[in-house]
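Open the model in your viewer and keep the sequence panel beside it. This tour goes stop by stop: select, look, move on.

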Amino acid sequence: MDAVGFSLFLKTYLEVDDFPADFSQRLFYYFQHVDQDGSNKCSLPKGGRVSLSDVSCYFSVLEEGQPREKLEFTFKLYDKDCNQLLDSSEVDRIITQMMRAADYLGWDATELRPLLKEMMTAFDVDDSGYVTLEEWVKGGMNNVPLLVLLGLKMTERDGQHIWRMKHFNKPTYCSVCQNMLLGLGKQGLCCTCCKYTVHSRCANKNPEPCSRTFVKSKEEIGIAAHDWIRADCNSNKCQVCHKKIKTLAGRRCVWCQELRHDECIFSGLSSCDCGPLRNHILPPWAIFPISKEEDSSLLNVTPDGHILQGLSLKATKGQSLVANFSRRGHKEAMIFPVSDRHPLLVFVNPKSGGMQGERVLRKFQYLLNPRQVYNLSNGGPAPGLHFFRSLHQYRILVCGGDGTVGWLLDAIDKADLQVRHPVAVLPLGTGNDLARCLRWGGGYDGSNLREILKEVEASEQVPMDRWSIQVIPEDPQDAGDPVPYEIINNYFSIGVDASIAHRFHSMREKHPRRFNSRMKNKLWYLEFATSETISATCKKLKECLMIQCCGRSLDLSSMSLEGIAVLNIPSMHGGSNLWGESKKCDGAPEAEHSEVITDPELLKTVSQDISDRRMEVVGLEGAIEMGQIYTKMKSAGHRLAQTSQITIRTIKALPMQIDGEPWMQPPCTIHITHKNQANMLMAVPTKPSGFFHLK
């Protein structure tokens, strides 16, 4: 390809209409002038071409996919005559593209390059100068650093490390050869689950296995044994002999974090109490494999063929019980006594909060048992809920935005659990309104997750109302955009704020790369709010709709409104309290707990409560008023009603949104009724850290 063809290839491959010309040119020069040793040439000629195979190979390494598929694809790219043979020069070209990908990912190429060269030498087993497809795939699948580069996922058997390349800011030693990891980039491989660390070249030298995540026989059930991993103990003291541990002369228990000398391993207590996080960890001796006849659903099958069953952690102290699990074909499961435990079932949306979701997922896989931490990109919440279904007492932590929380609550409804276990939130989204109301904050700031787990343990359970919404179009043939949800957890709105959100979402779908941080998202919201203020697309909203609360019509004739919000929680638009604070004045009438309240004087005294089976209806004058409420320049919008049932009829197409998901809706009738209550966990109030501390 020449430069013009290369630019067209990038637009087609990346599915974009425009691609910066200068960036395209720099990439073209990069692919045209990088030697096999990875060094750039200084000359940047104006003409020339690049190989489509080289470019495709480079991008395929960085894409998501299975390592075996990538190995086969890269081989076939260079197998021009389709004879399933590559010569050494063609193999070198593949290695060059892999080195480029490694360089892009921040790896220290000094470690990887000789390793890949050794692999190339080993491929040609018959010294013919050619490599077959079978030799290529077999050699690649046995090369750990190459598999990590190709994107190995957590799908391997129990005891196998889940490697990732890492940069170490302080002196770190390889647990295999015991030499220091050197280099400027990512110097070595570190296991996500147990932190076992090695050189890239040492990963293929049979390192010690990773910690177990379940027991393989019923004889091991309930035996709380340590799992020791070779570790750099950083001169900390042994908890048996209380002497300092030299570099790599000790081991660490994965579960209780206790440190011991090699010679002290069998001297101390053999029983593991799971340390400071004991109340959150589901220990391996509480999980055991069962036969296929005992579980026909097969939702928790490990890649090496084990079907896992979680043990109930609620039992009479000092007794061993046998419980009958007749549901889904279970016969019997051992329940062993572990008192006062509430294991944490963790769901993480890796796509939330930019790269935050991925980092949070890895950290929880280390702090807890990886079997209790679920990536929502792999099958959603159902597998985790099914796995924990036999436990009587556990908590749930969902890491993501408000949409992720709603996804989980819907899954809990569908799972039809006997007990609705309480849910805490680690906010990774943009608005995080529900997390704010439950005191989990407006966004995760990267703080220590151990502190977050302490807050979860100290939190209080509160019920939260959830509402069913039914949208019936006036003309079934003109249904408009699909309604995003059938349930309201946070709020529903029509008009100005939904119009801004609709513009935001339309732009984000068209140009996702422009919306890769919370700050950028808020700036885009500000821009769309400004343009909405000028255009006033929802002016005279009262002429376009009618609202009934429990059969009582609201009179909007005296107000100039551009938006209507129906609230379940006291936060919207990333922290705005549209209902405002309620103050009880002397002599003011007291509001009775009735199905509907529309009297303006009574509404002044009504407070919001997420568990009172009532929703609050608020009117908004426009985008400027929304900004004033957000910045606390104005206390609230116009209180219209508090009600247990709402019917809204519209006569023209209007922008609407449910929990931040907008759409355009043609004329319709909307019914909102109470559905159920979800058990949520509310964090304890933050204690002031000083005299000038503001919450």
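Select helix 3, residues 52-62, in this predicted model. Helix 3 is mostly covered, with nine of its eleven residues buried. The buried ones are S53, D54, V55, S56, C57, Y58, F59, S60 and V61.

What covers the buried residues of helix 3? Show helix 1 (3-14), helix 2 (21-32) and helix 4 (67-78), which are among the elements that do. Then add helix 5 (88-104) and helix 8 (144-149), also part of the cover.

Now go to the N-terminal end of helix 3, where S51 acts as the cap. A side-chain oxygen of S51 lies 3.2 Å from the backbone nitrogen of S53.

Next, pick L62, which also belongs to helix 3. Is L62 buried or partly exposed? With a relative accessible area of 30%, L62 is partly exposed. Add Y104 and L105 to the selection: together with L62 they make a nonpolar surface patch of about 280 Å².

**An annotated stretch**

Select residues 66-101, then residues 111-146. An unreviewed UniProt entry places the feature "domain: EF-hand" at both ranges. Stay with 66-101 and colour by secondary structure. Helix takes up 72% of that stretch and strand 8%. Its end C-alpha atoms are 16 Å apart.

**Two positive phi angles**

Most residues other than glycine have a negative phi. The next two stops go the other way. Select N206, in the loop between strand 5 (197-198) and strand 6 (228-231). Phi of N206 is near 50°, a positive value. N206 counts as exposed, at 73% relative accessibility.

Move to R439. Look for this residue in the loop between helix 12 (433-437) and helix 13 (449-458). Here phi is near 70°, again positive in a residue other than glycine. R439 counts as partly exposed, because its relative accessibility is 35%.

**Salt bridges**

Side chains of opposite charge can pair when their charged atoms come close. How many salt bridges does a search of the whole structure find? The search finds 15.

Select R466 and D413. They form a salt bridge, and their closest N and O atoms are 2.4 Å apart. This pair links distant parts of the chain: R466 sits in strand 17 (residues 460-473) and D413 in helix 11 (residues 402-415), 53 residues apart. R466 is buried, with a relative accessible area of 1%. D413 also counts as buried, at 18%.

Now go to helix 13 and select E451 and K454. Both residues lie in that helix, three residues apart, about one turn. Their salt bridge has its closest N and O atoms 3.5 Å apart. E451 counts as partly exposed at 42% relative accessibility, while K454 counts as exposed at 52%.

Then take K604 and E601. The closest N and O atoms of this salt bridge are 3.3 Å apart. K604 is partly exposed, with a relative accessible area of 49%. E601 counts as partly exposed too, at 44%. One more selection belongs here: E208, R230, R251 and D262. Salt bridges that share partners join these residues into one network.

**A buried leucine in a loop**

Select L554. Where does L554 sit? Its place is the loop between strand 21 (552-553) and strand 22 (563-567). L554 is buried, because its relative accessible area of 13% is under the 20% cut-off.

Show what L554 touches. Leaving aside residues up to four places away in sequence, the contacts of L554 are I547, C549, T598, V617, L640 and A641. Look at A641 again: L554 and A641 are 87 residues apart in sequence. In space, their C-alpha atoms are 8.1 Å apart.

**Zoom out**

Finish with the whole chain in view. Colour by secondary structure: the protein chain has 17 helices and 29 strands. Colour by burial next. Of the 695 residues in the chain, 49% are buried.

Turn on the surface last. The accessible surface comes to about 33,700 Å², with 51% of it belonging to carbon and sulfur atoms. As for contacts with a separation of 6 or more, 68% are between residues 24 or more positions apart.

Methods. Residues numbered from 1 in each chain as written. Predicted model: local features only at pLDDT ≥ 70, side-chain atom pairs only at ≥ 80, totals over all residues. Heavy atoms only, no water. Helix = DSSP H or I, 4+ residues; strand = E, 2+ residues; numbered from the N terminus. Buried < 20%, exposed > 50% of the residue type's maximum accessible area, 1.4 Å probe, protein only. Contact = heavy atoms within 4.5 Å. UniProt positions renumbered as here; feature names shortened; annotations may be inferred. Areas by Shrake-Rupley, 256 points an atom, 1.4 Å probe, with all protein chains shown as cover. Polar contact = N/O pair within 3.5 Å; in protein donor to acceptor, adjacent residues only side chain to side chain. Patch = residues over 30% accessible without salt bridge, like charges linked within 9 Å, V, L, I, M, F, W, Y side chains within 5 Å. Salt bridge = Lys/Arg side-chain N within 4 Å of Asp/Glu carboxyl O.
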